[in-house]
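Here is a short briefing to read alongside the model on your screen. Have the viewer open and follow the residue numbers as you go.

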Amino acid sequence: MKIVFFGTPQFAVPTLEKLLNHPEFEVLAVVTQPDKRRDRGNKLTATPVKAIATAHNLPVWQPERVKKDTETLTQLKQLNADVFVVVAYGQILSSKILNMPKLGCINVHGSILPKYRGAAPIQWCLYNGEKETGITTMLMDVGMDTGAMLQIATTPIGLLDTAQDLAFILAAIGGDLLVETLLKLQRQEIQPITQDNLAATYAPLIQKQDYALDWSKSAIQLHNQIRGFYPNCTATFRNNLLKITASAPLGSVGDRVPLELQELLHKLPNFSNTSDTPGVVVSIAKGIGAVVQTGEGLLLLREVQLAGKRPQSGWDFVNGTRLTVGEVFGAGS
């Protein structure tokens with residue numbers, strides 16, 4: 001099966017590697033986003049997908065707008081590929097591109113469709129406190145993740161999983177599911193299933209305001225926001241911006257308490273201190289970090305990052321700032 005691969009971030013790499021290492025597939029070329037300037041040196045950096053493609057001596061095309069780039073469109077057409085595989089590419093494909101390959105364009109999407117269509121399915125499913133997510137392979141059409149579904153693989157979500165953790169898990173699942181999907185498609189063993197548009201939810205691009213923490217929310221809501229939008233959620237501390245990168249909700253979280261959190265909670269005293277002021281530090285958990293009052297319940301700050309500094313444990317933050325009970329964290333911005 002002759003394949004053109006469209007993808008950009010690390011999330012797409014395991015799928016590309018699975019294709020490259022499978023005897024029944026031939027990757028003809030890779031399409032990825034243009035190199036970007038990153039870090040303090042402002043050097044042009046290749047996308048993770050480009051790095052893998054280059055290491056395998058594959059042709060790599062990086063058009064600014066693929067559907068408007070006549071040279072790339074001509075090259076894609078000339079390849080006469082059986083299928084285009086698309087994993088987190090980052091650009092919308094035109095109907096002209098979608099109709100080029102014999103078997104169509106297959107997308108590897110990071111949710112159980114039709115839930116969480118859009119650009120950030122992993123982040124928003126965590127934000128909303130989902131207990132399960134997965135990968136859907138689908139035949140692409142001109143809509144935003146609206147194409148007919150081919151296969152679905154699911155995985156549970158741990159209470160302490162961050163978006164980074166879940167992306168790593170789903171990327172591996174996606175590679176395996178895509179291989180299985182292509183083989184079954186080649187043998188005509190898959191019947192595409194139309195999505196139920198009435199059941200659809202959306203996962204739009206994350207905006208700066210989504211990172212701001214509001215202590216009047218419940219502990220579980222704040223925890224889901226912190227892990228969903230990891231590592232960028234912000235509060236203020238002594239009039240300075242502070243990122244909170246890892247937390248744990250204290251109190252009832254149902255039957256989802258992982259062993260790591262059970263062990264952590266066992267070490268903590270029974271907190272009797274509460275406050276009417278969301279954001280106030282009500283206790284210090286020795287060796288772990290600050291315990292903060294929220295609109296409902298208490299939130300343990302396990303890891304934070306001061307502006308211009310590296311992330312540090314909640315306990316190192318307490319010691320380094322000489323944090324005391326009664327101090328107040330402000331809302332993010």
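What follows is a tour of this predicted model, from the whole chain down to single residues.

The protein chain has nine helices and 16 strands, and 50% of its 333 residues count as buried. One open sheet of seven strands gets much of the attention below, along with a few backbone details that may be handy to know before you set up a calculation.

**Overall picture**

- Along its principal axes, the C-alpha trace of the protein chain spans about 70 × 45 × 35 Å.
- Among contacts with a separation of 6 or more, 65% link residues 24 or more positions apart.
- The exposed area of the protein chain is about 16500 Å², and carbon and sulfur atoms supply 49% of that area.
- The chain carries 31 positive and 29 negative charges, and the mean positions of these two sets are 7 Å apart.

**The seven-stranded sheet**

- Reading across the open sheet, the order is β5-β2-β1-β6-β7-β8-β9, and the pairing is mixed.
- At its edges are β5 (60-61) and β9 (149-156), each of which pairs on one side only.
- As a general reminder, strands of a sheet pair through backbone hydrogen bonds, in either the parallel or the antiparallel sense.
- Strand β1 (residues 2-7) runs parallel to β6, and five bridges join the two; in this pair, Ile3 stands opposite Val83 of β6.
- Strand β6 (residues 83-87) also pairs with β7 in the parallel sense, over three bridges; here Val85 has Ile106 of β7 as its bridge partner.
- On going from β7 to strand β8 (residues 132-139), the sense is antiparallel, with four bridges; His109 stands opposite Thr136 in β8.

**A closer look at β7**

- Strand β7 (residues 105-109) is mostly covered, with five of its five residues buried.
- In a regular strand, side chains alternate between the two faces of the sheet.
- Which residues of β7 lie on each side? Cys105, Asn107 and His109 are on one side, Ile106 and Val108 are on the other, and all are buried, so both faces are covered.
- Cys105, at the start of this strand, has a relative accessible area of 1%, which is why Cys105 counts as buried.

**Cysteines**

- How many disulfides does the structure hold? The count is zero.
- Cys125 illustrates this: its sulfur is 14 Å from the closest cysteine sulfur, in Cys233, so the two are too far apart for a bond.
- Cys125 is also buried, because its relative accessible area is 1%.

**Two cis peptide bonds**

- Leu113 and Pro114 are joined by a cis peptide bond, with omega at about 10°; Pro114 sits in the loop between β7 and α5 (121-127).
- A cis peptide bond also joins Tyr230 and Pro231, where omega is about 5°; Pro231 is in the loop between α7 and β10 (234-237).

**Positive phi outside glycine**

- Tyr116 has a positive phi of about 60° although it is not a glycine, and Tyr116 is found in the loop between β7 and α5.
- Is Tyr116 buried or exposed? Tyr116 is buried, with a relative accessible area of 7%.
- Asn239, also not a glycine, has a positive phi near 70° and belongs to the loop between β10 and β11 (240-250).
- Asn239 is exposed, as its relative accessible area is 80%.

**Two residues to compare by setting**

- Lys208 is in the loop between α6 (163-186) and α7 (219-228), and its relative accessible area of 62% makes Lys208 exposed.
- Lys208 and Lys36 are 172 residues apart along the chain, and their C-alpha atoms are separated by 20 Å.
- Gln293 belongs to strand β13 (residues 289-293) and is buried, with a relative accessible area of 7%.
- Leaving out residues up to four places away in sequence, Gln293 touches a set of neighbours including Trp215, Thr274, Thr277, Pro278, Val282 and Leu298.

Conventions:
Residues numbered from 1 in each chain as written. Heavy atoms only, no water. Buried < 20%, exposed > 50% of the residue type's maximum accessible area, 1.4 Å probe, protein only. Contact = heavy atoms within 4.5 Å. Areas by Shrake-Rupley, 256 points an atom, 1.4 Å probe, with all protein chains shown as cover. Lys, Arg positive; Asp, Glu negative; His and termini not counted. Charge placed at Lys NZ, Arg CZ, Asp CG, Glu CD. Pairing = 2+ DSSP bridges. Disulfide = S-S within 2.5 Å.
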